[in-house]
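Me: Please take a close look at one part of this protein, the strands and what lies around them. I would like the pairing, the burial and the contacts in one connected account.

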Amino acid sequence: MRTPIVAANWKMHKTCEEAVSYFRRLLELVPARREVELVILPPATLLFLAQKHLAGSGIAWGAQHAYPEPQGAFTGEVSVTQVADLGASFLVCGHSERRRLFGEDDGLVARKVRAALEGGLIPILCVGETLEEREAGRAWEVVRGQLAAALADLELPSPERLVIAYEPVWAIGTGVAARPQDAQEVAARIRHWLGERFPGLGERVRIQYGGSVKPDNASDFLALPDIDGALVGGASLDPESFWEIARAA
Ligand code: PEP
């Protein structure tokens with residue numbers, strides 16, 4: 001049995017005040033007993049507020065980015081160690097916005113995944129093809145390549161300590177979600193590939209779909225057999241809409 005996991009990627013949004021009112025509202029909305037794991041991923045400046053306001057709520061939180069070196073002369077960066085020290089549980093690795101806008105290549109993604117696992121964080125490893133790659137029939141080849149690179153040289157991770165987010169690049173922030181059958185097909189292939197690469201992992205690892213998930217389409221994805229949750233950007237910025245999506249799980 002895989003517990004569904006729905007994560008809110010706030011991207012570069014919200015002030016301290018907005019974050020606090022979001023947390024307060026979310027805590028009012030979410031019942032103490034629930035069958036879905038919730039994860040909030042605020043920008044680095046707001047992580048300490050997540051620590052303060054979500055403590056004891058059972059709602060997890062994590063970072064959208066951290067640098068894999070433990071410390072050193074890396075001006076502007078925050079390390080995995082620092083994020084873990086604050087009490088975070090999750091780290092997004094390989095998000096397409098970081099790959100595309102900040103030049104994060106497969107090598108850096110692999111280092112982040114390894115550093116996260118070694119530092120006690122659960123990587124949410126994002127993989128996905130561009131529209132061009134999909135139209136050229138290369139979606140699975142691209143996703144498989146990203147998985148292989150990010151998980152190269154790793155020992156068998158515990159299934160609870162790894163989350164994969166299948167996020168077709170063309171569906172992120174565009175309002176055009178993937179067709180559920182396409183998301184299911186890639187998720188099933190990811191699961192199968194993981195099972196071959198790490199015996200026993202495939203059936204137990206959680207796979208999210210991400211890309212223009214909204215309250216009105218969430219159940220189309222969350223009902224799919226190989227999709228165990230969602231990574232939500234735009235629609236997660238409002239606590240009501242985020243909780244509505246999570247409830248569909
Ligand atoms: C994301 O940021 O990972 C994402 C899926 O964004 P959106 O839901 O806005 O498409």
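Reply: V39 has A60 in β3 as its bridge partner. The model is a predicted one, and in it strand β2 (residues 37-41) pairs with β3 in the parallel sense, over two bridges. Between these strands the chain passes through helix α2 (residues 47-54), in a β-α-β crossover that is right-handed.

Strand β3 covers residues 60-63 and has buried residues on both of its faces. A60 and G62 lie on one side, while W61 and A63 lie on the other. In a regular strand, side chains alternate between the two faces of the sheet. A60, the partner of V39, is therefore on the side that also holds G62, and both are buried by the cut-off of under 20% relative accessible area.

β3 is also joined to strand β4 (residues 90-93), again by two bridges, and these two strands run parallel. Here A63 is the residue that stands opposite L91 in β4. The chain gets from β3 to β4 by way of helix α3 (residues 80-86), and this β-α-β crossover is right-handed.

The loop between β3 and α3 contains Q64. Is Q64 buried or exposed? Its relative accessibility is 18%, so Q64 counts as buried, the cut-off being under 20%. The side chain of Q64 has polar contacts with backbone oxygens of two residues. A polar atom of this side chain lies 2.9 Å from the backbone oxygen of K11. The backbone oxygen of L41 is likewise 2.9 Å from a polar atom of the Q64 side chain. L41 belongs to β2, which spans residues 37-41, and K11 is listed among the closest residues to the ligand. Q64 thus links the account of the strands to that of the ligand through its contact with K11.

A second set of strands can be described in the same way. Strand β7 (residues 206-210) is mostly covered, with five of its five residues buried. R206, Q208 and G210 point one way from this strand, and I207 and Y209 point the other way. Strand β6 (residues 163-166) pairs with β7 in the parallel sense over four bridges, and V163 has R206 in β7 as its bridge partner. Together with helix α8 (residues 180-197), β6 and β7 make a right-handed β-α-β unit. β7 further pairs with strand β8 (residues 229-232), in the parallel sense and over three bridges. In that pairing, A230 in β8 is the bridge partner of Y209.

The ligand itself is surrounded by 14 residues, of which the closest are K11, E167, G173, S212 and G233. By type, this shell divides into four nonpolar, eight polar and two charged residues. Several polar contacts involve oxygen atoms of the ligand. A side-chain N or O atom of N9 is 3.0 Å from one such oxygen. From the backbone, an N or O atom of G173 lies 2.6 Å from an oxygen atom of the ligand, and one of G234 lies 2.8 Å from an oxygen atom of the ligand. The ligand exposes 290 Å² when taken alone, and the protein buries 98% of that.

Notes: Residues numbered from 1 in each chain as written. Predicted model: local features only at pLDDT ≥ 70, side-chain atom pairs only at ≥ 80, totals over all residues. Heavy atoms only, no water. Near = heavy atom within 4 Å. Polar contact = N/O pair within 3.5 Å; in protein donor to acceptor, adjacent residues only side chain to side chain. Areas by Shrake-Rupley, 256 points an atom, 1.4 Å probe, with all protein chains shown as cover. Nonpolar A, V, L, I, M, F, W, Y, C, P; charged D, E, K, R; others polar. Buried < 20%, exposed > 50% of the residue type's maximum accessible area, 1.4 Å probe, protein only. Pairing = 2+ DSSP bridges. Right-handed = clockwise from strand over helix to strand, strands pointing away.
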